[in-house]
Amino acid sequence: MSGREFHCDVCEGVQLFEAPPCVDGHGVDCPEFVCTGCGAAVLIATFALRTPRLDARRRRPATPGHRRAA
Ligand SMILES: [Zn+2]
Ligand SMILES: [Zn+2]
């Protein structure tokens, strides 16, 4: 596979991404793709591992911060 389509934030749309020659020794597992529209490099791993744990475990503020007690 030499090209995949992903949403590009720079292009604000779906663009064809191609895997550039890997220089980091990732081989076939190289997560790097380059947008053919704008040339921005992205890590596809960030798409697969997008787990918003911070949002899921967001805690409510237990105490109001703008209450002054003397
Ligand atoms: Zn690589
Ligand atoms: Zn782009």
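1. Strands 1 and 2. Six bridges join strand 1 to strand 2. The two strands run antiparallel. Look at individual pairs to see this. E5 has L16 in strand 2 as its bridge partner. H7 stands opposite V14, also in strand 2. Keep in mind that this is a predicted model.

2. The first hairpin. Strand 1 and strand 2 form a hairpin with four residues between the strands. E12 is found in the loop between them. Its phi is positive, near 55°, and E12 is not a glycine. Why point this out? Most residues other than glycine have a negative phi. Is E12 buried or exposed? E12 counts as exposed, because it has 10 C-beta neighbours inside 10 Å, and the cut-off for exposed is 12 or fewer.

3. Strands 2 and 3. Strand 2 covers residues 13-18, and strand 3 covers residues 32-35. Two bridges join them, and they run antiparallel. F17 has C35 in strand 3 as its bridge partner. E18 is paired with V34, again in strand 3.

4. A closer look at C35. This residue sits in strand 3. C35 and F17 are 18 residues apart along the chain, yet their C-alpha atoms are separated by 4.4 Å. Which residues does C35 touch, leaving out those up to four places away in sequence? They are C8, V10, C11, Q15, F17, A40 and V42. C35 is partly exposed, with 19 other C-beta atoms within 10 Å. A residue needs 20 or more to be called buried, so C35 does not qualify.

5. Strands 3 and 4. Three bridges join strand 3 to strand 4, and this pair runs antiparallel. V34 has A41 in strand 4 as its bridge partner. V34 also serves as the partner of E18. Trace V34 in the model to link strand 2, strand 3 and strand 4.

6. The second hairpin. Strand 3 and strand 4 form a hairpin with five residues between them. G39 lies in the turn and has a positive phi of about 85°. Set this beside the first hairpin, where E12 takes a positive phi near 55°.

7. The sheet as a whole. Put the pairs together. The four strands make an open sheet in the order 1-2-3-4, with antiparallel pairing. Which strands stand at the edges? They are strand 1 (3-8) and strand 4 (41-43). Each has a single partner strand, so one side of each is left without a neighbour in the sheet. The twist averages 45° from one strand to the next. As background, strands of a sheet pair through backbone hydrogen bonds.

8. The whole chain. The protein chain has two helices and four strands. Along the sequence the pattern is β-β-β-β-α-α. In that pattern the strands come before the helices. How much of the chain is buried? Of its 70 residues, 4% count as buried. Now take the contacts between residues at least 6 apart in sequence. Of these, 25% join residues at least 24 apart.

9. Confidence. The chain averages a pLDDT of 76, and 63% of the residues score at least 70. Which elements have the lowest and the highest mean pLDDT? Helix 1 (residues 45-48) has the lowest, at 51. Strand 2 has the highest, at 92. Over residues 46-50 the pLDDT is below 50. Beyond near neighbours in sequence, that stretch has one contact in the model.

Key: Residues are numbered from 1 along each chain as its sequence is written. Chains are lettered from A and ligands numbered from 1 in the order in which they are written. This is a predicted model: local features need pLDDT of at least 70, side-chain atom pairs count only at pLDDT 80 or more; totals for chains, interfaces and linings use all residues. Two residues are in contact if their C-beta atoms, placed from the backbone, lie within 7 Å. Two strands pair if DSSP finds at least two bridges between them. Axes are lines fitted to C-alpha atoms, for helices over the stretch in contact, and angles run from 0 to 180 degrees between N-to-C directions. pLDDT is the predictor's confidence in each residue, from 0 to 100.
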